[in-house]
Amino acid sequence: SYSVTGVQTCALPILLAVSGGIDSTVMAHLFTDSGFSFAIAHCNFQLRGEESDQDEDFVKSLALSLDVECFVKRFDTSRYARENKLSVQMAARDLRYQWFRSLCREHGFDHVATAHHRDDESETFFINLIRGTGIAGLHGILPVSGNMVRPLLFAGREEIVQYAREHAIAFREDLSNESLKYLRNRIRHEVIPVFTGLNPSFREGLHRTIRHVSEMESLALGVLSDWEKKCCTSIGHQMKIDSRFLLTFSKPALLLWHICATFGVNENQIGQIIKAMESPGTRRISLPGYHFHVNNKEVLIIPEPLCRADEIIEIGEFGQEIVMEQPVSLRMSKMN
């Protein structure tokens, strides 16, 4: 189901994701006090029975009290998770961001603001460290990513609680935040306190480290992008990499990983491609959707044609407009 409540009807520049919890509710009050024009979006994932419905009612009332428009959508999150073989948390994340993108398209919002704060960033760092996501997962939560903005990253959880207390801001308590069956909660309640016990300044030190990792990542990406421009050329839908030039880079596997990030390569395949670059002859390495033709002069990345050579497509009279959605290898001749 889908409903809209509130009094504003014009397109607004910022959409606030508000759950009704303390973080997002404080964010909504801060936006109001700062004079920003915004609307509220609330997802009812229907995971906590009556409590989920009470959260929805609270957010609707909050929007009315702040005199802003409120969009609400209910999701069958459990069914979506089953059908797509996802955890409930990942299913909720997918549904949430799909809907936010839809609202932006339909109503002209420039940005979506979420209430992630500094402690969320610490927890995300550990989650990505455990999952082995590499440097891309250790830069923390970016303040701006596409049209997503996180305006509360300057504050920690204790500061947000103090602000809500000082300004008598009502909010909804989510008891699932205390459950240790979720990885994030275990990190919050068990892992971080251990490090803080070893070093009371641990949180501040971790945020400095995250900032430095992010800065180093930006610098590295700039260097890799410059080298990519020098050794890669596009030929229609194909890409050609100069093998000899790439191998002059101090870390060729890292550069190739950067270039091929969108092709679904893994670390083992990167090693195979590098080895083929350094060997005589041409080797073909196939991945879902792509073929890599590799030798010591070049790597040619060719999308796998969806139309096989033994298939015939009748296109009618010459001069007729033909639209092809996918790259194909095509030979045409007129038959009398």
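## A buried histidine in strand β3

In this predicted model, H42 has a relative accessible area of 3%, and because that value falls under the 20% limit, H42 counts as buried. The residue belongs to strand β3, which runs over residues 38-44. Once its neighbours within four places in sequence are set aside, H42 is in contact with V18, S19, D55, E56, V59, F71, V72, K73 and W99.

## The nonpolar cores

Strand β3 also takes part in the largest nonpolar core, to which it supplies at least two residues. This core holds 26 residues, and those that touch the most other members are L16, M27, F31, F38, I40 and A113. Besides β3, at least two residues each come from β2 (14-17), α1 (22-33), α2 (50-66), β4 (70-74) and α6 (157-166).

Another core lies apart from the largest one and has 24 residues, among them L246, I273, I285 and V294. Returning to the largest core, where A113 is one of the residues with the most other members in touch, the contacts of A113 can be listed in full: leaving out residues up to four places away in sequence, A113 touches I14, L15, L16, A17, M27, F31, V149 and P151.

## A nonpolar patch on the surface

What is the relative accessibility of L198, and does this make the residue buried or exposed? L198 reaches 70%, and since exposed means over 50%, L198 is counted as exposed. L198 is placed in helix α7, which covers residues 183-198, and together with V194 and F195 it makes a nonpolar surface patch of about 310 Å².

## The chain as a whole

The chain contains 11 helices and 12 strands, and of its 336 residues, 38% are buried. Of the contacts between residues at least 6 apart in sequence, 61% join residues that are at least 24 apart. The chain exposes about 20300 Å², of which 53% is supplied by carbon and sulfur atoms.

## Confidence in the model

The mean pLDDT of the chain is 86, with 87% of the residues at 70 or more. Over residues 1-11, however, pLDDT stays under 50, and for this stretch the model has 31 contacts beyond four places in sequence. The pLDDT is likewise below 50 over residues 306-313, a stretch that has five contacts in the model beyond near neighbours in sequence.

Definitions and conventions:
Residues numbered from 1 in each chain as written. Predicted model: local features only at pLDDT ≥ 70, side-chain atom pairs only at ≥ 80, totals over all residues. Heavy atoms only, no water. Helix = DSSP H or I, 4+ residues; strand = E, 2+ residues; numbered from the N terminus. Buried < 20%, exposed > 50% of the residue type's maximum accessible area, 1.4 Å probe, protein only. Contact = heavy atoms within 4.5 Å. Patch = residues over 30% accessible without salt bridge, like charges linked within 9 Å, V, L, I, M, F, W, Y side chains within 5 Å. Areas by Shrake-Rupley, 256 points an atom, 1.4 Å probe, with all protein chains shown as cover. Salt bridge = Lys/Arg side-chain N within 4 Å of Asp/Glu carboxyl O. pLDDT = per-residue confidence, 0-100. Core = buried A, V, L, I, M, F, W, Y, C linked by side-chain atoms within 4.5 Å.
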